[in-house]
Amino acid sequence: MYLPPHDPHVDDPMRFKPLFRIHLMERKCATVECMYGHKGPHNGHIQIVKKDEFSTKCNQTDHHRMSGGRQEEFRTWLREEWGRTLEDIFHEHMQELILMKFIYTSQYDNCLTYRRIYLPPSSPDDLIKPGLFKGTYGSHGLEIVMLSFHGKKAKGTKITGDPNIPAGQQTVEIDLAHPLQLPDVENLHDFSELSRIVLEVQEQVRREEQEEEQRQKEEDHSQQAASSLLAAKPLGEEDAEEEETAAGAEGTSQNKAPAAQTFVLPMGVISRNEDYPRTCRICFYGTGLIAGHGFTSPERTPGVFVLFDDDRFGFIWLELKSFSLYSRIKVSFQNAQAPSREAFDEMLKNIQSLAT
C-alpha cells in the first residue's frame, strides 16, 4: 500500500507498507500471508473476483489487535498515519474527524477489495501532464487525487476519500475556457477583491450556460421542423442545402509557458502548508465539491485553480476560505496503463457509481 506523506508535507515521497505476500510452492500450490498488524505475517486468503479486481481476507484477525485495546491501536495508527500524537492535536473538530477516519478504516482490516486504477490518457494539448497528486484537505490530512483533462475541462477525482467526500467523487473541476487575472500585487492580499473577480466569472459562466441551453433548444426545434419539411416533400425534390460544419472544439487559449506572476494567499484564507510557491503560471475559474459528514447535502462551490509548475497546483475554496496544495506523485507504478479518453470517461463514471 502506498500511503501519502505526513500532513501537510505534500512534496515528501509516498510511504510504502506491505499488506500481504504470496509464497509460490511446488506443484502449483501457494500460501497467502496477511501482513497487517504488528504481530508479524499470518494466515490469509486471496480471491480473484473479476477482471481488474481481487479480494484479500485475513484468517487470523487477532493478529491485528493490541494488548492495550482500541486506545493503543488508535494511538499507534495516529503516529503511523499522521506522524503525531493525540496531544499534538489541539483542534477539537480535527480530533473528531481523525477519530471518524480511524473507526471507518479499522472496519475493513479483515477483508479488502482491490480495483485497478487506470492512469489518465495524456495529450500534447493538456495544460500539464495528467496523473496522481497528493493534496492537502484541511483537518482530513493528505488525500490522493487523479487529475485528468477533457477538452475545455479538467477534473480532479478523489482516489482516497474522507467522511465528507468519499473516493470516486469529483473534488474539483477546472474551467479551462475561463482563465482568471489575479489582482495586482497591492490588492492580492484582499480576499474581497479576489472574491469579486471569481463571482463575476461565475455569473458569466452561468449566463453562457443559459445561452448554450437556449441555443441547443432552438437547434433541436429547427432540426425537427426540417425533418418534418423533408418528410412532406416528394421524392427527388430535396433541396441541396449547404451543410454547415462545426469548426471543431475550440482549443484553450492559455500559453503552455506564460510569464510567471506573483502569488500570495489573501488574508483570512487558511492553508495547512505555508510552504507554497510564491509565483504561478496561470489561474482558472473552477468549482470544488463540499458536503456534510456522510456526503450529505453535496454542492459545487466556486474557487480558483492555481497552476504553479508542471508538478504542483493549488485550489482556493472560496466559500471555505481554505487553500489546498497538490504535488505530483512521482512513484513509478509498473504495468500502469493509459486507456483512450472515451474508456477513461467511462471508467470515471464506474468509480463514482462504486463510491456511491
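**A pocket lining and a run of paired strands**

Sorted by class, the residues lining the second largest pocket comprise nine nonpolar, eight polar and three charged ones. This pocket belongs to a predicted model, and its volume comes to about 520 Å³. Its lining is made up of 20 residues, of which Y137, G138, H140, L320 and S322 lie closest to the pocket centre. Three elements each give two or more residues to this lining: α2 (92–106), β15 (282–292) and β18 (322–328). The largest share, three residues, is supplied by β15. As a general point, rolling a probe the size of a water molecule over the atoms shows where empty space is left.

It helps to step back to the chain as a whole. The chain has 356 residues, and 38% of them count as buried. Its secondary structure consists of four helices and 18 strands. Among the contacts with a separation of 6 or more, 55% join residues that are 24 or more positions apart. The chain exposes about 20,900 Å², and carbon and sulfur atoms account for 51% of that area.

Several of the strands can be followed one after another along the sequence. Strand β3 (residues 20–24) pairs with β4 in the antiparallel sense, and five bridges connect the two. Within this pair, I22 stands opposite V32 in β4. β3 and β4 form a hairpin that has five residues between the strands, and R27 in the turn has a positive phi of about 60°.

From β4, the trail leads on to the next partner. Strand β4 (residues 30–34) also pairs with strand β5 (residues 42–50), again in the antiparallel sense, here over two bridges. In this pairing C34 is found opposite H42 in β5.

β5 in turn pairs with strand β6 (residues 53–58), and this antiparallel pairing runs over six bridges. One facing pair here is G44 and C58, the latter in β6. The hairpin of β5 and β6 has two residues between its strands, and D52 takes a positive phi near 65°. A useful general rule for looking at such strands is that, in a regular strand, the side chains alternate between the two faces of the sheet.

Read in order, then, β3 pairs with β4, β4 with β5, and β5 with β6, each time in the antiparallel sense.

Technical notes: Residues are numbered from 1 along each chain as its sequence is written. This is a predicted model: local features need pLDDT of at least 70, side-chain atom pairs count only at pLDDT 80 or more; totals for chains, interfaces and linings use all residues. Side-chain values use heavy atoms; hydrogens and water are left out. Two strands pair if DSSP finds at least two bridges between them. On a 1 Å grid over the protein atoms alone, a cavity is a set of points where a 1.4 Å probe fits but cannot get out, and a pocket is an open set with protein on both sides within 12 Å along at least five of seven lines; lining residues have an atom within 4 Å of a point. Grid points are joined across faces, edges and corners, and a volume is the space filled by probe spheres set on the points. Ala, Val, Leu, Ile, Met, Phe, Trp, Tyr, Cys and Pro count as nonpolar, Asp, Glu, Lys and Arg as charged, and the others, Gly among them, as polar. Buried means under 20% relative accessible area, exposed over 50%, partly exposed in between (1.4 Å probe, protein chains only). Contact means heavy atoms within 4.5 Å. Accessible areas come from the Shrake-Rupley method with a 1.4 Å probe; for residues, only the protein chains shown count as cover.
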